[in-house]
Amino acid sequence: MGQEINFRRQRGGKKRKVKKKKNHLKFEDKKKKLKFEKKKNPRLIRQIIIWAAEIAVACAVAVLLVAFFGHRISNSGDAMTPSIRNGEVVLVDRLVIDMKELSRGQIVAFRPNGNKEVHFYVRRVAGLPGETVQIKEGKLYIDGEELKNYEYVSEIRDAGIAAEPVKLGADEYFLLGDNPQGGEDSRSSEIGIVKKEDLYGKVWFNTTSGDHFGIVKK
């Protein structure tokens, strides 16, 4: 047979040293720190400011509207029947008194002699500043001539202080009720001529439900 292969290690033979390769792979557990930075949004801030400004303006306008156009007054008595009945609630425009002169036929609210302890009276303008008012035979006369187009009162039984000519000053008004027998007005010495400073405002809206609801017609 051929040469025998000796698989046995010879004694005294050197053993091969197997170098273990070092694993150079290092798994480092480095936790990355997550930083949540609060970034300001200029657009959102600007929008919030605009909203806040709009709300402030709306509130201011609402306050002004209520103050000048939305003051509620309850009519007391039958002096303005049938135009405004007893107990009906009306809105008063306070701004118009200072903005422009009143015209004949307009309905106004006032306190007699500026007395804040009494309730508001609601009456209609009959005589304007500078005019002379007189009531004769149930008819209204302005500057000596019968006022035929004053259709609110057809007959005035009691002339009161207007039985004689009443001269109005530069800021004075003569007020009458649509129902002369239903209550006092400028014919009464207790009310008399009404000064502009005692006028609270112009009645412009009737808030009572029913056929009178809506804008008060001149």
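**Notebook: contacts, strands, cores and rings**

Entry 1. I began with Lys 202 and listed its contacts, leaving aside neighbours within four places in sequence: Leu 91, Val 92, Asp 93, Val 96, Ile 97, Gln 106, Ile 107 and Val 108. I note at the outset that the model is predicted. I placed Lys 202 in strand β11, which covers residues 199-206. Which side chain of opposite charge is nearest to Lys 202? I found that it is Asp 93, 6.0 Å away. A salt bridge requires a side-chain nitrogen of Lys or Arg within 4 Å of a carboxyl oxygen of Asp or Glu, so a pair at 6.0 Å does not qualify. I therefore recorded Lys 202 as buried and without a salt bridge.

Entry 2. I next traced an open sheet of 4 strands, and read its order as β7-β6-β5-β8 with antiparallel pairing. The edge strands are β7 (145-146) and β8 (166-167), each of which pairs on one side only. I then looked at β5 (residues 132-136) and β6 (residues 139-142), which are joined in the antiparallel sense by 4 bridges. In that pairing, Ile 135 stands opposite Leu 140 of β6.

Entry 3. I turned to the nonpolar cores. In general, nonpolar side chains of soluble globular proteins tend to be buried together. Which residues of the largest nonpolar core touch the most other members? Of its 16 residues, I listed Ala 126, Val 133, Ile 135, Leu 140, Tyr 150, Phe 174 and Leu 176. The elements giving two or more residues to this core are β5, β6 and β9 (172-176). I also noted a second, separate core of 13 residues, with Val 96, Ile 97, Leu 102 and Ile 191 among them. Val 96 and Ile 97 had already appeared in my contact list for Lys 202.

Entry 4. I looked up the contacts of Leu 140, again leaving aside neighbours within four places in sequence. They include Ala 126, Val 133, Ile 135, Tyr 150 and Leu 176, each of which I had listed for the largest core. Leu 140 is also in contact with Gln 134, Glu 145, Glu 146 and Leu 147.

Entry 5. I examined strand β9. How many of its 5 residues are buried? I counted 5 of the 5, so β9 is largely enclosed by the rest of the structure. In a regular strand, side chains alternate between the two faces of the sheet. In β9, Glu 172, Phe 174 and Leu 176 lie on one side, Tyr 173 and Leu 175 on the other, and all are buried. I then followed the pairing of this strand. β4 and β9 are antiparallel, with 3 bridges, and Gly 127 has Phe 174 as its bridge partner in β9. Strand β10 (residues 194-195) is antiparallel to β9 and joined to it by 2 bridges. The bridge partner of Tyr 173 in β10 is Val 194.

Entry 6. I closed with the aromatic rings and recorded 5 aromatic pairs in the structure. Phe 110 and Tyr 121 have ring centres 5.7 Å apart and planes at 40 degrees, so I entered the pair as tilted. The pair links distant parts of the chain, with Phe 110 in strand β3 (residues 107-110) and Tyr 121 in strand β4 (residues 121-127), 11 residues apart. Are these two residues buried or exposed? Phe 110 counts as buried at 0% relative accessibility, and Tyr 121 counts as buried at 17%. Phe 205 and Phe 213 form an edge-to-face pair, at 5.3 Å centre to centre and 90 degrees between the planes. I found Phe 205 buried, at a relative accessible area of 18%. Together with Trp 204, Phe 205 and Phe 213 form one aromatic cluster.

Methods:
Residues are numbered from 1 along each chain as its sequence is written. This is a predicted model: local features need pLDDT of at least 70, side-chain atom pairs count only at pLDDT 80 or more; totals for chains, interfaces and linings use all residues. Side-chain values use heavy atoms; hydrogens and water are left out. Buried means under 20% relative accessible area, exposed over 50%, partly exposed in between (1.4 Å probe, protein chains only). Lys and Arg count as positive and Asp and Glu as negative; His and the chain ends are not counted. Contact means heavy atoms within 4.5 Å. Two strands pair if DSSP finds at least two bridges between them. A nonpolar core is a set of buried Ala, Val, Leu, Ile, Met, Phe, Trp, Tyr and Cys residues joined through side-chain atoms within 4.5 Å. Rings of Phe, Tyr and Trp (its six-membered ring) pair if their centres lie within 6.5 Å; planes under 30 degrees apart count as stacked, over 60 as edge-to-face and the rest as tilted.
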